[in-house]
Amino acid sequence: MDNSRLKRLPIGVQDFREIREEDYLYVDKTEPIYRLITEGKYYFLSRPRRFGKSLLVSTLKYLFQGERDLFKGLYIYDRYDFPKYPVIHISFRGDMRSPEQLERKILSILKGNEKALGLDCDSLDDPSDCFESLIIKAYEKYNQKVVILIDEYDKPIIDNIDQIEVAMENRNILRGLYSIIKDMDPYIKFAFLTGVTKFSKAGIFSGLNNLKDITLYPEFGNMLGITQEELEQHFGELFIKNGVDLEKVREWYNGYNFLGNLVYNPFDLLMFVDRKFVFKSYWFSTGTPKFLIDVIDKGKFYIPRLSAGIEVDDTVLDSFDVDRMQPEVVLFQAGYLTIDKMIERPMGGCEYLLRLPNKEVRVSLMSTLLDYIEGIREDRVRHQNKITKLVDSADIEGLRIELEALFAGVPYHYHTHGKIGEYEGYYSSVIYGYLQSTGYPVIGEDVTSRGRIDLTLITRDKIYIFEIKLDTNESAIKQIKERQYYRKYENQDKPIYLVGIKIGSKERNIVGFEWERMN
């Protein structure tokens, strides 16, 4: 296929009809969609923001409305009969900062569905009663079971994490609304809910225990996102023609794993092409929720764990709720961590090893966290650029001076007013963050046969091993040498630099710094 001249890019276009009729680029996802609609009835799917969830819901809407012509040339076209069903489409967009606003929003959405279906439902003020009435009347008018599609089902809760009482009230309203789906089972053909977070069933899906969560089903792992094969099919010749390094594209934007193939965030790829192949953080820059930083802070999350591989069991990933948010779960569901591997347990169930998905997230997340834990946003880029040059040139003394300067620049109140700087991992986290933001791989708590290395930095032609100690008279570099941490990397044919750093909490800075080159 000649893709050196690309179709229009559907940036910001989430309506399937518009994409097909206006000849925008569409990556065919109708094979897993066909499986979805023919094998089950009640589904839930979570994915990070800007991953194509709204387009998927729109595709399902037109499919169940029998719009066969829109699917011409796609996998499903000759395999499905396209019968028509009444569709109730609910999408929570806009401002819902109070329970009253949410109830008005729901009633407005349901009234819009009444109009689209040519119905005149009872004038009810209770959202749940109105929803029930709409389902029954749609069934009666069309003599067909009803399809229910709910997009951004969790937005009224997530948007209010900063005001927990409102978030919990909104959760209760949504719980009542969604419970109607179970009660209306005889009237329903298909129901699909999607959003960013997976709330525990007790939190929002209480009573809706027939909802099948396909978030981590391998057969639906590629239904959202773009695989490497799809990238090469639709963008390959264009990239080659313009001299784009495919391996660099993979390093920057690939890496999300939902137990299918590794996938790209589609927004990143569309923006990368639109901006004429400039490597930068497109998805990340569209918004890092403040509540994510707050959860990391309150949980005293040890930031270097992000690259060490975080182990969680399958029940933990289902444990998200307004009043019980674990940093690992929030980071995973928001798209800042992804699955590295799944490990089956002998006693049943499984564990997941989580990792940062790609360079975009690695560099940008570290920059965001550094802005927060240091409070010196205006100097952060300068420090990052300087540290990158210093590790590239193996100027270890210059690195010491730069680290001392950045610790000295941290405002006093960040040590005294409940910030992340209160706990012991703060100093390791700052050093880790700056090393990560160089773009080179950094491993926190790097496992060896003799113990764990605090931080390992691997550049193109050098390896750095860091041991960081707080309030001690012991030599940090002595521990590296005695435990022979460097042996892990002796076969990589790169010079290895051992760096021992001692921090004084009273001084709030480096009080001891030793280094040595091993080969």
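How many bridges join β12 to strand β13, and do these strands run parallel or antiparallel? Six bridges join them, and β12 and β13 (residues 451-458) run antiparallel. One such pair is Gly444 with its bridge partner Leu455 in β13. Two strands count as paired if DSSP finds at least two bridges between them. Strands (E, at least two residues) and helices (H or I, at least four) are DSSP runs numbered from the N terminus.

The model is predicted: local features need pLDDT of at least 70, side-chain atom pairs count only at pLDDT 80 or more, and totals for chains, interfaces and linings use all residues. Residues are numbered from 1 along each chain as its sequence is written, and side-chain values use heavy atoms, with hydrogens and water left out.

Start with the sheet that holds β12. Five strands form this open sheet, in the order β12-β13-β14-β15-β16, with mixed pairing. Its edge strands are β12 (442-448) and β16 (509-517), each paired on one side only. On average, neighbouring strands here are turned by 30° against each other, direction ignored. Such angles run from 0 to 180 degrees between N-to-C directions, with axes fitted to C-alpha atoms, for helices over the stretch in contact. Contact means heavy atoms within 4.5 Å.

Two helices lie across these strands. Helix α16 (residues 396-408) lies across β14 (463-470), β15 (496-504) and β16, and runs at about 160° to β16. Helix α18 (residues 426-436) lies across β12, β13, β14 and β15, and runs at about 30° to β13.

A second open sheet has three strands. Their order is β9-β11-β10, and the pairing is antiparallel. β9 and β10 stand at the edges with a single partner strand each, so one side of each is left without a neighbour in the sheet. Neighbouring strands of this sheet are turned by 30° against each other on average, direction ignored.

Now follow β11 (residues 350-355). Five of its six residues are buried, so the strand is mostly covered. Buried means under 20% relative accessible area, exposed over 50%, and partly exposed in between (1.4 Å probe, protein chains only). Four bridges join β9 (residues 310-313) to β11. Among the paired residues are Ile310 and its partner Leu354 in β11. Six bridges join β10 (residues 338-344) to β11. Lys341 has Leu353 of β11 as its bridge partner, and Glu344 stands opposite Cys350. β10 and β11 form a hairpin with five residues between them. Gly348, in the turn, has a positive phi of about 105°.

Turn next to helix α3 (residues 53-64). At 1.5 Å a residue, its twelve residues should span 16 Å; the end C-alpha atoms are 17 Å apart, which agrees. The expected span is 1.5 Å times one less than the number of residues. Eleven of the twelve residues are buried, so α3 is largely enclosed by the rest of the structure. The buried residues include Lys53, Leu56, Leu60, Tyr62 and Phe64. Their cover includes α1 (16-21), α2 (30-39), β1 (42-46), β2 (87-91), β3 (146-151) and β4 (188-195). Gly66 follows α3, with a positive phi near 80°.

Helix α3 also takes part in the largest pocket. That pocket holds about 1200 Å³ of space. It is lined by 48 residues, of which Arg49, Arg50, Phe51, Gly52 and Lys53 lie nearest its centre. α3 gives the most to this lining, with five residues. α6 (155-158), α10 (266-274), α11 (290-298) and α13 (327-334) are also among the helices that each supply at least two.

There are enclosed spaces too. The structure holds two cavities of 30 Å³ or more, and about 70 Å³ lies in the largest. Residues lining the largest cavity include Ser46, Arg47, Tyr256, Phe332 and Thr338. On a 1 Å grid over the protein atoms alone, a cavity is a set of points where a 1.4 Å probe fits but cannot get out; a pocket is an open set with protein on both sides within 12 Å along at least five of seven lines; lining residues have an atom within 4 Å of a point. Grid points are joined across faces, edges and corners, and a volume is the space filled by probe spheres set on the points.

Last, look at Leu331 in helix α13. Leu331 counts as buried because its relative accessibility is 0%. Neighbours within four places in sequence aside, Leu331 is in contact with Leu292, Ile296, Phe301, Leu306, Tyr336, Leu337 and Leu365.
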